[in-house]
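Please open the model in your viewer and keep the sequence panel beside it. This tour suggests what to select next and says what is found there.

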Amino acid sequence: MTSAADVILKYVFPALGVITGNVMFSAPLRAVQSANRNGTLGSLNPTPWAMMTGNTLGWVAYSYITQNLFVFFGNSPGFLMSIWLNLSAAKLQYQDHCARE
């Protein structure tokens with residue numbers, strides 16, 4: 001028989017980690033959507049988004065090796081979001097570069 005402590009430690013807290021991770025990874029989305037509407041990065045710093053891509057890719061690979069779905073679902077949306085963030089930043093940087101020339 002499974003105790004309440006086992007359920008909390010094996011399922012509830014990891015599920016809360018998944019939610020927390022996805023909220024954290026989605027934090028810059030509104031700022032980038034606003035920058036896309038304005039057509040410029042402005043004061044946004046895209047460097048953390050490159051680090052986010054590497055971090056989430058590493059965790060997704062680890063989750064595949066260990067077959068841990070909580071780690072996978074906590075990081076795979078972040079990986080996809082970081083790809084979009086980086087592509088948006090590259091597009092906006094290119095637009096800024098072309099506008100200056």
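A residue counts as buried when its relative accessible area is under 20%, as exposed when it is over 50%, and as partly exposed in between, using a 1.4 Å probe and protein chains only. This is a predicted model, in which local features need pLDDT of at least 70 and side-chain atom pairs count only at pLDDT 80 or more, while totals for chains, interfaces and linings use all residues. Residues are numbered from 1 along each chain as its sequence is written, and side-chain values use heavy atoms, with hydrogens and water left out.

**The whole chain**

Begin with everything selected and a cartoon view, where the protein shows four helices and zero strands, in the order α-α-α-α along the sequence. Helices here are DSSP runs of H or I with at least four residues, strands are runs of E with at least two, and both are numbered from the N terminus. Turn the model to see its proportions: the C-alpha trace spans about 70 × 25 × 15 Å along its principal axes. The radius of gyration is 18 Å, whereas a compact globule of 101 residues would have one near 13 Å; this radius is taken over C-alpha atoms, and the globule rule is 2.2 Å times the number of residues to the power 0.38. Of the 101 residues, 27% are buried.

**Helices α3 and α4**

Next, select residues 47-66, which form helix α3, and residues 69-100, which form helix α4. Two packed helices are described by the angle between their axes and the distance between the axes. The axes of α3 and α4 come within 8 Å and cross at roughly 150°, and therefore the two helices are roughly antiparallel to each other. Axes are lines fitted to C-alpha atoms, for helices over the stretch in contact, and angles run from 0 to 180 degrees between N-to-C directions; under 35 degrees counts as roughly parallel, over 145 as roughly antiparallel, 65 to 115 as roughly perpendicular, and the rest as oblique.

Which residue of helix α4 should you look at here? Choose Ser82, which lies in helix α4 and is buried, with a relative accessible area of 0%. Leaving out residues up to four places away in sequence, Ser82 touches Trp49, Met52, Thr53 and Thr56, where contact means heavy atoms within 4.5 Å.

Then move to Trp59 in helix α3, which is partly exposed, with a relative accessible area of 39%. Beyond its neighbours within four places in sequence, Trp59 is in contact with Val71 and Asn75. If you draw a distance from the C-alpha atom of Trp59 to that of Phe79, which is 20 residues away along the chain, the separation is 9.3 Å.

**Helices α2 and α4**

Now keep α4 on screen and add helix α2, residues 29-38. The axes of α2 and α4 are 11 Å apart, and the helices pack at an angle of about 30°, which makes α2 roughly parallel to α4. To display this packing, select Leu29, Val32, Gln33, Ala35 and Asn36 in α2, which meet Met81, Trp84, Leu85, Ser88, Lys91 and Leu92 in α4.

Is Ala35 buried or exposed? Ala35 counts as buried, because its relative accessibility is 4%. Apart from neighbours within four places in sequence, Ala35 is in contact with Thr40, Leu41, Leu44 and Leu92. As a last stop, mark Ala35 together with Leu80, which is 45 residues from it in sequence and 19 Å from it in space, C-alpha to C-alpha.
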